[in-house]
Amino acid sequence: QSAPVQPAAAPAPASTDPSGAGTVLEVGGLVQWRPAPDAPLRAAAVGDQLPPGSELFTGHRSRTQIRLHGTQIFIIERLARVRLSEVIAATNASPATTRVDLPYGRFDFKVVSTRVSNDVRIKTPDAILAVKGTTGFINVQFGRTEAGGGVDNTGNFTVQTSQWQDQ
């Protein structure tokens, strides 16, 4: 049984922060985050602004939902660790760019390309998932990575099982 989810009272506005900060939309169970690896952990709350470099941790029967750029929704499921290693807002010349490290746990995504183009890459210990505009998940548990598309999958994504390389 899942922990109760604390939803936002009303949808939070899309981030206009040029740094590309993310916004916590929902919290269920034990969810903690910190703005940098050397910062102390704090309890996550709806409305928290997550700067680039933030790390999120979910406990047993816990999950959180975050939004970046107004076009990317990420659901971080139980017993996960996620780092928002790079978050750059879109410009007229470049897409909204997000790089996520997922050492372990389940990570569902919904990336829509209606207003701006997106460039999302999710790095796991043994694979990289590149997303342009679609829904799906990536799961890392017990040394095994699996990925799949959602039922309403309308875009595409690529999974690479090579070394992570920023381009």
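**Figure 1. Six salt bridges are counted in this predicted model.** The structure shown is a predicted model. Three of the pairs are presented in the close-up views that follow: Glu-55 with Arg-34, Arg-81 with Glu-55, and Asp-101 with Arg-83.

**Figure 2. Glu-55 and Arg-34 form a salt bridge.** The closest N and O atoms of Glu-55 and Arg-34 are 2.6 Å apart. Glu-55 belongs to strand S6, while Arg-34 belongs to strand S3, which covers residues 31-34. The two residues are 21 residues apart, and their pairing links distant parts of the chain. Glu-55 counts as buried because its relative accessibility is 2%, and buried means under 20%. Arg-34, at 18% relative accessibility, counts as buried by this cut-off.

**Figure 3. Arg-81 forms a salt bridge with Glu-55.** In this pair the closest N and O atoms are 3.1 Å apart. Arg-81 is located in strand S9 (residues 81-88) and Glu-55 in strand S6, so the salt bridge ties together parts that are 26 residues apart in sequence. Arg-81 is partly exposed, its relative accessible area being 29%, whereas Glu-55 counts as buried at 2%.

**Figure 4. Asp-101 and Arg-83 form a salt bridge between strands S10 and S9.** The closest N and O atoms of this pair lie 3.4 Å apart. Asp-101 is part of strand S10, which comprises residues 96-111, and Arg-83 is part of strand S9. With their positions 18 residues apart in the count along the chain, the pair links distant parts of the chain. Asp-101 has a relative accessible area of 17% and is therefore buried, while Arg-83, with 28%, is partly exposed.

**Figure 5. Arg-34, Glu-55 and Arg-81 are joined into one network.** The salt bridges that make up this network share partners. Glu-55 pairs with Arg-34 and also with Arg-81. Within the network, Glu-55 and Arg-34 count as buried, and Arg-81 is partly exposed.

**Figure 6. His-60 is placed in the loop between strands S6 and S7.** Strand S6 spans residues 55-58 and strand S7 spans residues 63-68. His-60 counts as exposed because its relative accessibility is 57%, and the cut-off for exposed is over 50%. From C-alpha to C-alpha, His-60 and Glu-77 are 9.0 Å apart in space. In sequence, His-60 and Glu-77 are 17 residues apart.

Conventions:
Residues are numbered from 1 along each chain as its sequence is written. This is a predicted model: local features need pLDDT of at least 70, side-chain atom pairs count only at pLDDT 80 or more; totals for chains, interfaces and linings use all residues. Side-chain values use heavy atoms; hydrogens and water are left out. Helices (H or I, at least four residues) and strands (E, at least two) are DSSP runs, numbered from the N terminus. Buried means under 20% relative accessible area, exposed over 50%, partly exposed in between (1.4 Å probe, protein chains only). A salt bridge is a side-chain nitrogen of Lys or Arg within 4 Å of a carboxyl oxygen of Asp or Glu.
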